[in-house]
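Take a look at the model below. This short report covers its pockets and one of its sheets.

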Amino acid sequence: MKNTLKMQALMALGVLGAGLMLAGCKSEPPLSKDQALALIQAKYDAQPAAAASIAVDDLGMQEGVNAKYWIGVKRYPNGYWGDFNLTPDGKKVLTLVDGGDVIQWRPDSPNQPNYAIAILTVATNHLKARDIGDLQDQPGGTKMADYTEDVVLTGVPEPLQGIAHNPGNRLSTKRTAIFVLNNGAWTLQSVD
């Protein structure tokens, strides 16, 4: 009888000990898509606002002349090279990547479809994260999700936004975010 009581007491202590151990183990907190997107956007918002880089092709050059952002000042004998000065209106909304205020238009041929110059907007903005996919568990307790990163053109005048939407410009990019559990809370580890 004593052995049976001792056995039951030991079993009760074992069950109680196991219960306490399980109660002490914390499961990881959930990470919703909205929370993940907020973590990504917080990273973008913490970085300095930046100018948008825009490629200007032949169509964009014509649109820039029509918008009075630049004006042709020299045409070369080959008929397709030219120099264009930024106008005062152009200097208010854009800068040339290589500095200065003269666009040196130098395609290899009159019909070179891929020739473009790079400009930067004067208006600066933060990137925008949107359309996050499902969170996927990864080895090591991390989570991963794909999302879309957008260049924001707030404050950029309509003619320059039109040039930015021409072929050759990439205003949205697919990215992958990796999240890790840090001190009981999910944090953004990296963006690829």
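## The second largest pocket

In this predicted model, β1 gives the largest share of the lining of the second largest pocket, three residues. The volume of this pocket is about 150 Å³.

Which residues line the second largest pocket? They are Tyr-44, Gln-47, Pro-48, Ala-50, Ala-51, Ala-52, Asn-125, His-126, Leu-127, Val-151 and Val-152. By class, eight are nonpolar and three are polar. No charged residue is in this lining.

## The sheet that holds β1

β1 also belongs to an open sheet of three strands. The order is β1-β6-β4, and the strands pair in the antiparallel sense. β1 (50–56) and β4 (94–96) stand at the edges. Each has a single partner strand, so one side of each lacks a neighbour in the sheet. From one strand to the next, the twist averages 35 degrees.

Six bridges join β1 to β6 (residues 117–125), and this pairing is antiparallel. One pair can be named: Val-56 has Ile-117 of β6 as its bridge partner.

## The largest pocket

Now to the largest pocket. Its volume is about 220 Å³. The lining has 15 residues. Nearest the centre lie Arg-75, Tyr-80, Gly-82, Phe-84 and Trp-105.

Which elements each supply at least two residues of this lining? They are α3 (58–66), β2 (70–75) and β3 (82–86). By class, the lining of the largest pocket holds seven nonpolar, four polar and four charged residues.

Notes
Residues are numbered from 1 along each chain as its sequence is written. This is a predicted model: local features need pLDDT of at least 70, side-chain atom pairs count only at pLDDT 80 or more; totals for chains, interfaces and linings use all residues. Side-chain values use heavy atoms; hydrogens and water are left out. Two strands pair if DSSP finds at least two bridges between them. Helices (H or I, at least four residues) and strands (E, at least two) are DSSP runs, numbered from the N terminus. Axes are lines fitted to C-alpha atoms, for helices over the stretch in contact, and angles run from 0 to 180 degrees between N-to-C directions. On a 1 Å grid over the protein atoms alone, a cavity is a set of points where a 1.4 Å probe fits but cannot get out, and a pocket is an open set with protein on both sides within 12 Å along at least five of seven lines; lining residues have an atom within 4 Å of a point. Grid points are joined across faces, edges and corners, and a volume is the space filled by probe spheres set on the points. Ala, Val, Leu, Ile, Met, Phe, Trp, Tyr, Cys and Pro count as nonpolar, Asp, Glu, Lys and Arg as charged, and the others, Gly among them, as polar.
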